[in-house]
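Student: Could we go through this model together? I would like to begin with the overall picture and then turn to single residues.

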Amino acid sequence: MTGPVQTDLLIVGGGPVGATFARVLHEQAPHLRVLLIDAGPQLTARPGQHVKNIPDPAERERAQVASQGPAQYVYGTPAIGARKAAAETNVTGRPALLARPGTFLLSDANGEAGQLPAAALSTNVGGMGAHWTCACPPPGNAERIPFLPDAEWDAALHTANRLLAVTQAAYPETGAAVAIREALNRAFKDVLAGGRPAQPMPLAARTEHGVRVWSGADVVLGPLADGGHPTFTLRPETVCQTLLRSGERVTGARLLDRASGEVYEVQARAVVVAADALRTPQLLWASGLRLPALGHYLNDQPQVLGAVQLDPRLLPAGSGPAAGGVSWVPFHAPAHPYHGQVMELEASPVPIPVEHDTGTPVVGLGWFCAREVRFEDHLEFSATRTDDLGLPAVTVHHTLTERDLSVIEAAKDEVERAMRALGRPIAAGRPFVLPGGSSLHYQGTTRMGERDDGSSVCDASSRVWGTENLYVGGNGVIPTSTACNPTVTSVALAVLAASAIVRQLSTSPQAAPV
Ligand SMILES: Cc1cc2nc3c(=O)[nH]c(=O)nc-3n(C[C@H](O)[C@H](O)[C@H](O)COP(=O)(O)OP(=O)(O)OC[C@H]3O[C@@H](n4cnc5c(N)ncnc54)[C@H](O)[C@@H]3O)c2cc1C
């Protein structure tokens, strides 16, 4: 192992959120030393790139498998029909049906996923952000954290959009796209409010010379991904085994270099753990932190799916095969406690077979549901069993309530309404709910709170209660009942937290604590 064992900020987790902390520190205080570690391999020469940008399919597949922690093999393709069968027959534990390429199931990592059989993780530089669909809707009314002032939210979301390079123009505006959105707005005019009609999905993607380029952690790192910055170090294949603590301070961490097997300590003036919503609380727990809310309030958004072949009468003459990218039917509580996505095949994370091709495009419809956020839904960490990284094995306790089940039924009605507005269903029967955990949007396990009353893990700047210099990042920080895809929200919260860290490190003594 070479390089610094003292740093100003240690960041555990090289996904989009860990990258946000590094970038904001670099922008606001470039003299501060940052060490960013990730347990997984670096997949691309430029660290953290989205694997969809790798042009060679074999190389892309290798990168996906390399991200799959203990599941180092190629999965079968889970087409929508297979997923429907899995959902309806409650098949569990079958990676070919449940896990997406680039992710692995919690159950593969010695975890017990309970009612979230599709609970999944990624272990690679870039995290799930090397495999995501890049939908970045801003949170709606009740999804926003009520104790954060609006101006602060808006500024942080603005920065998050810049860091992720979010745009509503990632896909060209086609006649089909306009027709889809007009049909959705007609169908949902009674529930869409708050100035948020159906519109192009904000996507962390761009089109360059006719080719879509998807944002990964490399885009968030910006100039840091180019290398050559003496105050920034990235160490792949490095596991944080435990945080080192002295009273209310975290003094550093014990790290494992997976390539050499060497275990060493790093001293840090502040530490961020942004290791996803399952493994951030796991690491805090492994480090002896026992906050009452740690690992609790686990929130997985149920996801209802359908697919439809567009009605030719909807489409302008000569509109071609393109189905207009991704359209967004926004959340607005209480009338529309869902977040709807209508996606053309290229953008859909679930492959959709076209069974009866009439020449008009097929689109997938995915509605995420907001559910009750409850203390009872939690992660349990084993005192005896370990996972693939040697950390305490995770067991999920997560139960849908009566209210959740009725929201899911209502979401099926909403998807049917959208399908009627757009064309002809490609599979018989009602829209169906994917197996629990399929959202890949787990939240709440290190939730933010206004005060230290036992119902939250961190304060409004993401600093863990009862510590002076330990911060958390990622979807686990989100405390509200959301339906929207969470990454842009988590990046916004990380922007606020990183600014707080800059303030703290700029006013506290320079030397790393010994
Ligand atoms: C197929 C797919 C589609 C998705 N689509 C969307 C979407 O459209 N919109 C959206 O908002 N979100 C989407 N998501 C979710 C999105 O990718 C995540 O919200 C986002 O990546 C979270 O970022 P993060 O940095 O918090 O965590 P991650 O990206 O999960 O990164 C966490 C990192 O921590 C590392 N780590 C864990 N434990 C340790 C340890 N002990 N030591 C060192 N490193 C550790 C892991 O290796 C991992 O790289 C999707 C995900 C997938 C897989």
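The conversation below moves from the whole chain to its confidence, one helix and two residues.

Student: What kind of model is this, and what is the mean pLDDT of the protein chain?

Tutor: It is a predicted model. The mean pLDDT of the protein chain is 92, and 91% of the residues reach 70 or more.

Student: Which elements have the lowest and the highest mean pLDDT?

Tutor: Helix α3 (residues 80–89) has the lowest, with a mean of 50, while strand β20 (residues 470–472) has the highest, at 99.

Student: Where does pLDDT stay under 50?

Tutor: Over residues 89–96. The model has 13 contacts beyond four places in sequence for that stretch. Where pLDDT is low, the predicted coordinates should not be read in detail.

Student: Turning to the fold, how many helices and strands are there?

Tutor: The protein chain has ten helices and 20 strands. Its radius of gyration is 22 Å, close to the 24 Å that the globule rule gives for 514 residues, so the chain is as compact as a globular protein of that length. The C-alpha trace spans about 70 × 50 × 45 Å along its principal axes.

Student: What share of the residues counts as buried?

Tutor: Of the 514 residues, 61% count as buried. The chain exposes about 18700 Å², of which carbon and sulfur atoms supply 53%.

Student: And what about contacts between residues at least 6 apart in sequence?

Tutor: Of those contacts, 75% join residues at least 24 apart.

Student: Now helix α1: what span should it have, and why?

Tutor: Helix α1 (residues 16–28) has 13 residues, so at 1.5 Å a residue it should span 18 Å. Its end C-alpha atoms are 18 Å apart, which agrees.

Student: How many residues of α1 are buried?

Tutor: Eleven of its 13 residues are buried, so the helix is mostly covered. Among them are Pro16, Phe21, Arg23 and His26.

Student: Another arginine, then: is arginine 212 buried or exposed?

Tutor: Arginine 212 counts as buried because its relative accessibility is 17%, and buried means under 20%. It is found in strand β7 (residues 211–214), and a polar contact of 3.1 Å joins its side chain to that of threonine 207.

Student: Last one: where is methionine 128 found, and what does it touch?

Tutor: Methionine 128 is in the loop between β4 (120–121) and α5 (150–164). Not counting residues up to four places away in sequence, methionine 128 touches Ala120, Leu121, Ser122 and Leu440. At 26% relative accessibility, methionine 128 counts as partly exposed. Methionine 128 and serine 67 are 61 residues apart in sequence and 8.8 Å apart in space, C-alpha to C-alpha.

Conventions. Residues are numbered from 1 along each chain as its sequence is written. This is a predicted model: local features need pLDDT of at least 70, side-chain atom pairs count only at pLDDT 80 or more; totals for chains, interfaces and linings use all residues. Side-chain values use heavy atoms; hydrogens and water are left out. Helices (H or I, at least four residues) and strands (E, at least two) are DSSP runs, numbered from the N terminus. Buried means under 20% relative accessible area, exposed over 50%, partly exposed in between (1.4 Å probe, protein chains only). A polar contact is a pair of N or O atoms within 3.5 Å; within protein, one must be able to donate a hydrogen and the other to accept it, and residues adjacent in sequence count only if both atoms are side-chain atoms. pLDDT is the predictor's confidence in each residue, from 0 to 100. Contact means heavy atoms within 4.5 Å. The expected span of a helix is 1.5 Å times one less than its number of residues. The radius of gyration is taken over C-alpha atoms; the globule rule is 2.2 Å times the number of residues to the power 0.38. Accessible areas come from the Shrake-Rupley method with a 1.4 Å probe; for residues, only the protein chains shown count as cover.
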